[in-house]
Amino acid sequence: MGIRAIALHLLLSLWIGQSALADDLSALARLDPAASRVVDDGAGIAIDLAISQAVPYRAFLLADPPRLVADFSVVEFGPSRPASLDRSARVTSLGWGPIREGWSRLVAGLDGPYRIASAEERVGETGEAEIRLRLAPEAADRFAANTRSGVPEVARWALPEPVAVEAPKRRQTGAEPLVVVLDPGHGGIDPGAEAGEVVEAELMLGFARELAEVLRRGGMEVALTREEDVFVPLETRISVARAAGADVFLSLHADALAEGEATGATVYLLADAASDNASAQLAERHDRADLLAGVDLAGQDDMVAAVMMEMARIETRPRADRLAGALVTAIKASGGRMHRHPIQEAAFSVLKSPDIPSILLEVGFLSSEADRRRLADPVWRAGFQEAILAALRAWAVADAAEARLIRQ
Ligand SMILES: [Zn+2]
């Protein structure tokens with residue numbers, strides 16, 4: 001048994017037995033950020049988490065980049081943000097939040113290789129608990145040999161398997177309702193951009209729900225990649241679209257851009273090379289959020305066969321181009337505010353479906369005060385959502401006409 005295997009076994013055996021949990025299963029455990037800390041401990045790191053009651057948990061290390069992941073069933077992190085915690089400079093990033101139904105996750109980016117030297121959960125007399133993790137520096141080769149790059153899944157919360165690549169979906173002809181999959185960006189442990197109280201993941205979930213209603217009233221079939229504040233890996237979002245038989249995939253975002261003065265809606269298409277620096281950073285940040293949440297990004301493109309990629313290049317890309325154009329036209333016609341370069345490109349992983357025209361729409365930027373004001377205005381949102389409906393309708397008619405031409 002390798003060192004890592006021993007460590008994991010040790011930690012899994014720490015799952016709290018029935019007696020400690022039986023007291024009050026209904027109450028949610030809460031983190032007390034004021035009594036919690038992530039500090040230097042000699043040459044290592046001490047992580048002490050004060051929680052209102054004992055919870056089952058597991059902790060493990062991941063490589064590329066090095067990070068500690070702790071999963072809890074369930075800890076409510078509340079409105080406090082990770083930035084509020086006392087933090088060791090050896091911890092390069094800190095995130096927490098719901099990861100899926102019944103589970104919360106904390107991820108700490110590390111400045112180098114470590115091992116879990118000890119882990120314990122102490123329960124006080126009044127039932128409150130403290131989880132104490134101690135990390136000690138580890139030799140790079142031992143860390144590499146004993147640490148994997150993806151989360152060790154346990155059967156009770158495995159992700160849905162990515163759907164295997166089968167025959168490409170038939171193009172829509174207008175005979176059936178258009179199937180639109182809306183993808184509210186971020187969620188759970190990955191809040192996306194934040195501006196004061198406004199959190200991108202929450203804002204986009206609300207926007208997607210409203211938009212879904214508008215599109216359904218317009219006769220379309222709509223599915224969402226997430227219905228609540230949970231983490232959904234980018235690859236799973238594509239699988240959801242495929243399983244729903246999507247004609248169109250629309251990822252919804254309101255990111256923050258430090259660079260320049262990004263304001264107004266922006267339509268993003270998939271490309272290997274980004275149209276500018278800011279677009280490249282956006283795409284990178286979205287992949288990084290997946291990475292920090294514990295997803296192994298290596299080899300994700302392997303499932304797409306060469307023939308599908310060829311199809312994507314020849315057929316799907318022009319369809320996505322036309323959808324981007326239709327969105328810009330409709331949003332402008334509705335009086336909605338567009339970015340001065342309204343169509344941009346970058347390597348967004350979530351847009352990689354080879355046979356589903358996929359668009360990432362920045363409804364606005366949380367880094368822009370004017371955009372924040374518009375996004376908070378239900379009247380503005382309703383107008384914007386009607387414009388998306390108009391764009392999808394116009395696109396679907398032209399797209400179906402082209403499909404008929406191709407078939408003849
Ligand atoms: Zn985003």
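# Close-up views of a predicted model

**View 1. An open sheet of five strands has mixed pairing.** The strand order is S7-S2-S3-S11-S10. Strands S7 (86-87) and S10 (114-123) form the edges, each pairing on one side only. All views show a predicted model. Strand S2 (residues 37-41) runs parallel to S7, and two bridges join them. Arg37 has Asp86, in S7, as its bridge partner.

**View 2. A salt bridge joins Arg90 to Asp40.** The closest N and O atoms of this pair are 3.7 Å apart. Arg90 sits in the loop between S7 and strand S8 (91-100), while Asp40 belongs to strand S2; the pair links distant parts of the chain, 50 residues apart. Asp40 has a relative accessible area of 44% and is therefore partly exposed, the range for that class being 20% to 50%. A search of the whole structure finds 20 salt bridges, and two further examples appear in Views 3 and 4.

**View 3. Arg105 and Asp71 form a salt bridge.** Here the closest N and O atoms are 2.6 Å apart. Arg105 is in strand S9 (residues 103-110) and Asp71 is in strand S5 (residues 67-72), so the contact ties together parts that are 34 residues apart in sequence. Arg105 counts as buried because its relative accessible area is 2%. Asp71 is also buried, at 0% relative accessibility.

**View 4. Arg319 and Asp399 pair within a network of salt bridges.** The closest N and O atoms of Arg319 and Asp399 lie 2.8 Å apart. This pair links distant parts of the chain, with Arg319 in helix H7 (residues 306-333) and Asp399 in helix H9, 80 residues apart. Arg319 has 4% relative accessibility and so counts as buried. Asp399 is buried too, with a value of 0%. The network links Arg171, Glu315, Arg319, Arg322, Asp399 and Glu402. Side chains of opposite charge can pair when their charged atoms come close.

**View 5. Phe207 and Phe384 form an edge-to-face aromatic pair.** The ring centres are 6.1 Å apart, with 65 degrees between the planes. The angle between the planes is over 60 degrees, the cut-off for edge-to-face, so the pair falls in that class. Phe207 lies in helix H4 (residues 200-217) and Phe384 in helix H9 (residues 378-407); the pair therefore ties together parts that are 177 residues apart in sequence. Both Phe207 and Phe384 are buried. Ring pairs also bring in Trp380, giving a cluster of Phe207, Trp380 and Phe384. The structure holds three aromatic pairs.

**View 6. The zinc ion has an irregular arrangement of six donor atoms.** The coordinating atoms are NE2 of His186, OE of Glu200, ND1 of His253, two OD atoms of Asp255 and NE2 of His286, at 2.0 to 2.6 Å. Angles subtended by the six donor atoms run from 53 to 169 degrees, which is why the arrangement is irregular. For six donors to count as octahedral, opposite donors must be over 155 degrees apart and all others between 65 and 115; the angle of 53 degrees lies outside these limits, so that class does not apply. Along the sequence, the donor residues are spaced H-x13-E-x52-H-x1-D-x30-H. Among the donor residues, His253 and Asp255 are both buried.

Notes
Residues numbered from 1 in each chain as written. Predicted model: local features only at pLDDT ≥ 70, side-chain atom pairs only at ≥ 80, totals over all residues. Heavy atoms only, no water. Pairing = 2+ DSSP bridges. Helix = DSSP H or I, 4+ residues; strand = E, 2+ residues; numbered from the N terminus. Phe/Tyr/Trp six-rings, centres within 6.5 Å; stacked < 30°, edge-to-face > 60°. Buried < 20%, exposed > 50% of the residue type's maximum accessible area, 1.4 Å probe, protein only. Salt bridge = Lys/Arg side-chain N within 4 Å of Asp/Glu carboxyl O. Donors = N, O, S within 2.8 Å, 3.2 Å for Na, K, Ca; no water. Tetrahedral: all angles 85-135°; square planar, octahedral: opposite > 155°, others 65-115°.
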